[in-house]
Amino acid sequence: VKHAMPGRSIIDSRFAGSKVDAPGGGEQVTVLERLFDDDNSILCEPAQGVKLDEGNLMVADKLAETLLGEPALRINRECTNTQFMLQNYTLPEFRETTAKKDEACKEWRDLLAYLLLARPEYLDPEWQKNAGGGSY
């Protein structure tokens, strides 16, 4: 069984920039700074921000795309929140806010858009060892 080893951790840029108490008191720091400073630091990068309609188009394009006859984007059957979002989320055309009924889907939509904005790629460590680097 192969397991995924995360190559990057991405955080919502608005959340990363919000202020929290510094360890031990003192001036407030950003969430991102706090994550770096903790004993068990998490190295993450703020997601690239775009308007809602741009992210929605990116998700729709990726859902319609195929690679070698297979869907370019697959959602794991255990990821029921993302499946629910894809079945229910709508954003009225030319609007920057979701309808109240769609707020439950918004976070999962954002996660998917952040992932696609990061332009993920699969890195096979075995292939890299045998071929001298690279990815596909």
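Is C105 buried or exposed? Select C105 to begin: with 1% relative accessibility, C105 is buried (buried means under 20% relative accessible area, exposed over 50%, partly exposed in between, with a 1.4 Å probe and protein chains only).

Before moving on, a word about what is on screen. This is a predicted model, in which local features need pLDDT of at least 70 and side-chain atom pairs count only at pLDDT 80 or more, while totals for chains, interfaces and linings use all residues. Residues are numbered from 1 along each chain as its sequence is written, and side-chain values use heavy atoms, with hydrogens and water left out.

**Stop 1: the whole chain**

Switch to a cartoon view and colour by secondary structure. You should find 6 helices and 6 strands in the protein chain; these are DSSP runs, numbered from the N terminus, with helices being H or I over at least four residues and strands being E over at least two. Followed along the sequence, their order is β-α-β-β-α-β-α-β-β-α-α-α.

Now turn on the surface. The protein chain exposes about 10400 Å², and carbon and sulfur atoms supply 54% of that area (Shrake-Rupley method, 1.4 Å probe; for residues, only the protein chains shown count as cover). Of the 136 residues, 24% are buried. Among contacts with a separation of 6 or more, 45% join residues 24 or more positions apart, a contact being heavy atoms within 4.5 Å.

**Stop 2: the cysteines**

Go back to C105 and add C44 to the selection. C44 is buried too, at 10% relative accessibility. How many disulfides does the model have? The count is 0, using the rule that a disulfide is a pair of cysteine sulfur atoms within 2.5 Å.

**Stop 3: helix α5 and its neighbours**

Select residues 103-117, which form helix α5, together with residues 52-64, helix α3. The two pack at an angle of about 75°, with their axes 9 Å apart. (Axes are lines fitted to C-alpha atoms, for helices over the stretch in contact, and angles run from 0 to 180 degrees between N-to-C directions.) That makes α3 roughly perpendicular to α5; the classes are under 35 degrees for roughly parallel, over 145 for roughly antiparallel, 65 to 115 for roughly perpendicular, and oblique for the rest. To see the contact, show L52, G55, N56, M58, V59 and K62 on α3, then K106, R109, D110, L112, A113, L116 and L117 on α5.

Next, bring in helix α4, residues 80-88. Its angle with α5 is about 100°, and the axes lie 9 Å apart, so α4 is also roughly perpendicular to α5. Here N81, T82, F84, M85, L86 and N88 of α4 meet C105, W108, R109 and L112 of α5. Our opening residue, C105, is therefore a buried one that takes part in the α4 contact.

**Stop 4: the salt bridges**

The whole structure holds 5 salt bridges, each a side-chain nitrogen of Lys or Arg within 4 Å of a carboxyl oxygen of Asp or Glu. Stay on α5 and select R109 and D110, whose side chains meet at 2.8 Å, N to O. R109 is buried at 4%, and D110 is buried at 8%. Add K106, since salt bridges with shared partners join K106, R109 and D110 into one network.

Then centre on R74 and E70, where the closest N and O atoms are 2.3 Å apart. R74 is exposed at 59%, whereas E70 is partly exposed at 40%.

Finish at R14 and D12, a salt bridge of 3.3 Å, N to O. R14 is exposed, with a relative accessible area of 57%.
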